[in-house]
Amino acid sequence: MKVDRILEIIIYLINHDNVPASYLAERFHVSVRTIQRDMISISSIGIPVYSECGKYGGYSILPAYKMKNSDIRSDEHQMIINALESLATSYTNDTLKSLIEKYNAIIEKKGSQKVFWDFGVTKENQQVQDMNQLLEQAIAEKKYINFDYCNANGKKSTSSVEPLAIHYKWYAWYLFAYSAEKKQYRTYKVARMQNLHISDMVSTIEHGDVEKLMKDSEQAYYQTCIHIEVQFDNEEAGLMAEYFPDCPVEQLTEKTSRIFIDVPAKERLWKALLLSFGNRVKVIGPEEYKQELIETAHNFLSNYDI
């Protein structure tokens with residue numbers, strides 16, 4: 001729509017100077033002549049647009065026109081925009097890109113940046129990003145989705161659920177959904193989903209506060225966690241506090257300490273983390289979990305001629 005395009009052009013010009021008409025035409029998929037007419041429309045509503053000729057010329061908006069926000073300090077503005085831009089490194093979304101453009105339009109970047117956040121290392125592959133977009137569409141349209149799923153134990157299944165929300169935790173994207181067949185709310189790891197497609201079936205169920213439902217589901221999940229006692233040399237206390245910041249370290253003797261951690265029973269990540277410490281830590285109990293770790297270590301060594 002013309003109004004939407006003009007708004008986007010205004011936002012872009014507030015963020016950039018001397019933008020060629022040819023670039024705007026390519027960016028907004030219109031002709032250069034259309035951009036020229038848009039500039040006339042923008043000027044007619046009181047926004048001071050001017051143009052410069054020459055090789056490096058283009059359209060600009062008078063700097064004095066840029067909006068300011070006196071309620072938020074400049075360092076707070078910078079923190080907000082840093083957070084948005086860092087989020088964009090782990091999440092692909094056109095709305096987020098537009099939001100960053102709009103927020104940049106209402107602030108003046110002064111001074112050098114002091115804090116940098118980059119979650120790019122945690123960014124999931126393109127397949128997950130594409131599925132996130134499909135899931136957003138299904139959520140907005142209240143449509144059911146069908147997909148194949150492989151859980152942490154390798155068990156495969158086919159599911160048909162109503163997607164309610166996607167959320168990011170434990171360095172991965174998860175789908176919170178409602179299964180009409182099982183009449184329960186469930187959580188799926190997006191990276192484990194395959195052959196996802198949106199069905200024509202539209203949901204008529206009113207779920208109420210989805211955020212509360214997610215929290216209730218998460219609390220129920222945490223109740224299945226295993227309470228593990230881990231002992232280690234006092235020299236490792238700093239590293240253990242780094243990996244398990246919410247678990248108080250208790251000194252047992254002059255040489256040894258221990259912590260108690262609660263870990264999800266079905267998540268392999270925690271087993272891998274504990275095994276990564278090698279002989280620097282020792283799992284005391286529960287006995288069943290300790291035996292699982294021992295078996296995992298033996299299976300790993302069985303791949304090698306030792």
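**Tyr304 and a five-stranded sheet**

Biologist: Where is the place of Tyr304, and is Tyr304 buried or exposed?
Modeller: Tyr304 lies in the segment that follows helix 10 (287–301), helices being DSSP runs (H or I) of at least four residues and strands (E) of at least two, numbered from the N terminus. The model is predicted, so local features need pLDDT of at least 70 and side-chain atom pairs 80 or more, while totals for chains, interfaces and linings use all residues. Residues are numbered from 1 along each chain, and side-chain values use heavy atoms, without hydrogens or water. Because its relative accessibility is 48%, between the limits for buried (under 20%) and exposed (over 50%) with a 1.4 Å probe and protein chains only, Tyr304 counts as partly exposed.

Biologist: Which strands stand at the edges of the open sheet?
Modeller: The sheet has 5 strands in the order 6-5-4-3-7, with antiparallel pairing, where a pair needs at least two DSSP bridges. Each edge strand has a single partner, so one of its sides is left without a neighbour in the sheet, and this holds for strand 6 (184–189) and strand 7 (193–202).

Biologist: Which residue of strand 7 stands opposite Tyr149?
Modeller: Strand 3, which covers residues 143–150, joins strand 7 in the antiparallel sense over 5 bridges. Opposite Tyr149, the residue in strand 7 is Met193.

Biologist: Which strands does helix 7 touch?
Modeller: Helix 7, made of residues 210–222, packs on the sheet, contact meaning heavy atoms within 4.5 Å. The strands touched by helix 7 are strand 4, strand 5 and strand 6.

Terms used: Axes fitted to C-alpha atoms, helices over the stretch in contact; angles between N-to-C directions.
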